[in-house]
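This briefing is a guided reading of one protein model, meant to be followed with the sequence and the structure side by side. Please look at the structure first, and then take the topics below one at a time.

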Amino acid sequence: MEATSTSRSLVFLISGIAAMAGLLFGFDTGIISGALLFIENDFILSIQMKEWIVSSVLFGAMTGSLFSGKLTDSVGRRHTMLLISGLFISGTLIASLATTVSLILVGRLIIGLAIGIGSYTAPLYIAEISPVQLRGALVSLNQLAITIGILTSYLINYSFTHSHGSWRWMFGIGIIPATLLSLGMIFLPESPRWLIKKNQTRRAIDILQKLLPKETIVHEVASIKHSLQTAKPRFRDILSPWIRPVLFLGALLGFIQQATGINTIIYYAPTIFKLAGFHDTSSSILATIGIGVVNVAATIFAVFYLDQLGRRPLLITGLIGMALSLLGLSLVFLFIDANLPSLRWIAMGCTFSFIICFAFSLGAILWLVVSEIFPLDLRGIAMSVAVFSCWFWNFAVSSTFLSLLNTLGPSHTFLLYAILCVFSLIFCYYKIPETCGVTLEQIEENIRNRLPLRQIGQPIRPRNIGTKRPELQTTS
Ligand code: BGC
């Protein structure tokens, strides 16, 4: 169904405002890398305390992602987004005005809850208000917003380097996008799909008339109603044998995205640059801005090329590059005591190549693939399992990184991530399906026909596949 240019602009505007949640996700996770260096000036922090300040957001996000499916279904997407913006505003105020470390932790925990719920709700809301032919691009825009949020946080870290009490401003500036999100959401419409589910078809039609061409509305409403008449999933349905492999794949992709160490660099880049020999705080924060810039640039590349080159080639190439970069970092730190000036530049090169390879592969592909591989009936529940896995492993890696550096040393720590990256590469090579150019319905059909994971993106329906099609039980 073709969208008119007015409805197209409106959908882009709505998605842009909703993607503000992605921007805050990136901003609030990225800002800590610089702020941490200054919080230490005001409070005496043990290594555990530092890890907790970094990972309290992640703990909140993990918890938030668990409740997001239920919350968006009961109060609606729009009210959930409003709630998220309220959480962002209050968490930001508490963290930036904090007079004790415990208050920083409370503020960051509240921000984390908002990020966790937002990382699920924003793409869902965008997908539900988007016309089908724009949905892929708009979902990837959310990842782009995350990287722009990270870059913004790095720029702010840098510009506040010389101010007194700068960590308060670093946190506090997040109030601007949070307020924009909140004001924007007051005017944005509810998701028509959710309204129809709640028997508010009249309101849904009014909204659809603004988003879609007139002649398509009747068909759209009918197909939403039809999809709602199909079986309602129950939690135990996600453990049925035909769904288990994709559920496992989603959860494992969440693990792979995080266990290969992306956020050791996103959150602790200045610390790593200092270890590599860039001792001046402001120059290590400046180098971190470079990380933010290449992250955005490589994500733009992914947005344009994921549909042309396919998911698999980008993912496999990216993982190879990431493994080599981690190995390079490990070797540099092995010889760091030799005090060769070139070593710190090699360390920086490896860090940059790692980020580029992550951004055009795992960064965009995780969120894309988890929105593609789950059958419609179970997409909500299954997606929240994958999103939870991502936040859980993000938390596990970030909250142990400094301790690992301390106990194993940087060389062995990066070697560990390199080994995990090689295992991930082997798994992805054999198991990741190519989902490019295949309809979601065909993917679902292949899953129901119990094709091996690697083949669920096959466009042609194979012959001689299991005759019995697994169905969900219908609840009355
Ligand atoms: C990941 C985040 C990461 C970001 C970096 C996202 O896809 O989920 O953990 O910080 O990419 O760009």
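**The nonpolar core**

In the largest nonpolar core, which has 154 residues, the members that touch the most other members are I53, F88, F171 and L181. Helix α17, which runs through residues 341-372, gives the most to this core, with 18 residues. Please keep in mind throughout that this is a predicted model.

- I53, one of the residues that touch the most other core members, can be followed further through its own contacts.
- When neighbours within four places in sequence are left aside, I53 is in contact with I32, L36, I39 and L45, and also with V101, I104, L105 and R108.

**The nonpolar surface patch**

- A nonpolar patch of about 970 Å² lies on the surface, and its residues are I320, L324, L327, L415, I419, V422, F423, I426, Y429 and Y430.
- Two helices, α16 (311-334) and α20 (410-431), each supply at least two residues of this patch, and α20 gives the most, with 7 residues.
- Y429, one of the residues that make the patch, is found in helix α20.
- Because its relative accessibility is 45%, and partly exposed residues lie between the limits of 20% and 50%, Y429 counts as partly exposed.

**S325, a buried residue in helix α16**

- S325 has its place in helix α16, which is also one of the helices that supply at least two residues of the nonpolar patch.
- S325 itself counts as buried, because its relative accessibility is 5% and the cut-off for buried is under 20%.
- Not counting residues up to four places away in sequence, S325 touches C350, S353 and F354.
- With one of these residues, S353, there is also a polar contact, in which the side chains of S325 and S353 are joined at 2.9 Å.

**K225 in helix α12**

- K225 is placed in helix α12, which covers residues 217-229.
- Is K225 buried or partly exposed? With a relative accessible area of 37%, K225 is partly exposed, since this value falls between the limits of 20% and 50%.
- Apart from neighbours within four places in sequence, K225 is in contact with I196 and T201.
- K225 and R193 are 32 residues apart along the chain, and their C-alpha atoms are separated by 8.6 Å.

Notes: Residues numbered from 1 in each chain as written. Predicted model: local features only at pLDDT ≥ 70, side-chain atom pairs only at ≥ 80, totals over all residues. Heavy atoms only, no water. Core = buried A, V, L, I, M, F, W, Y, C linked by side-chain atoms within 4.5 Å. Buried < 20%, exposed > 50% of the residue type's maximum accessible area, 1.4 Å probe, protein only. Helix = DSSP H or I, 4+ residues; strand = E, 2+ residues; numbered from the N terminus. Contact = heavy atoms within 4.5 Å. Patch = residues over 30% accessible without salt bridge, like charges linked within 9 Å, V, L, I, M, F, W, Y side chains within 5 Å. Areas by Shrake-Rupley, 256 points an atom, 1.4 Å probe, with all protein chains shown as cover. Salt bridge = Lys/Arg side-chain N within 4 Å of Asp/Glu carboxyl O. Polar contact = N/O pair within 3.5 Å; in protein donor to acceptor, adjacent residues only side chain to side chain.
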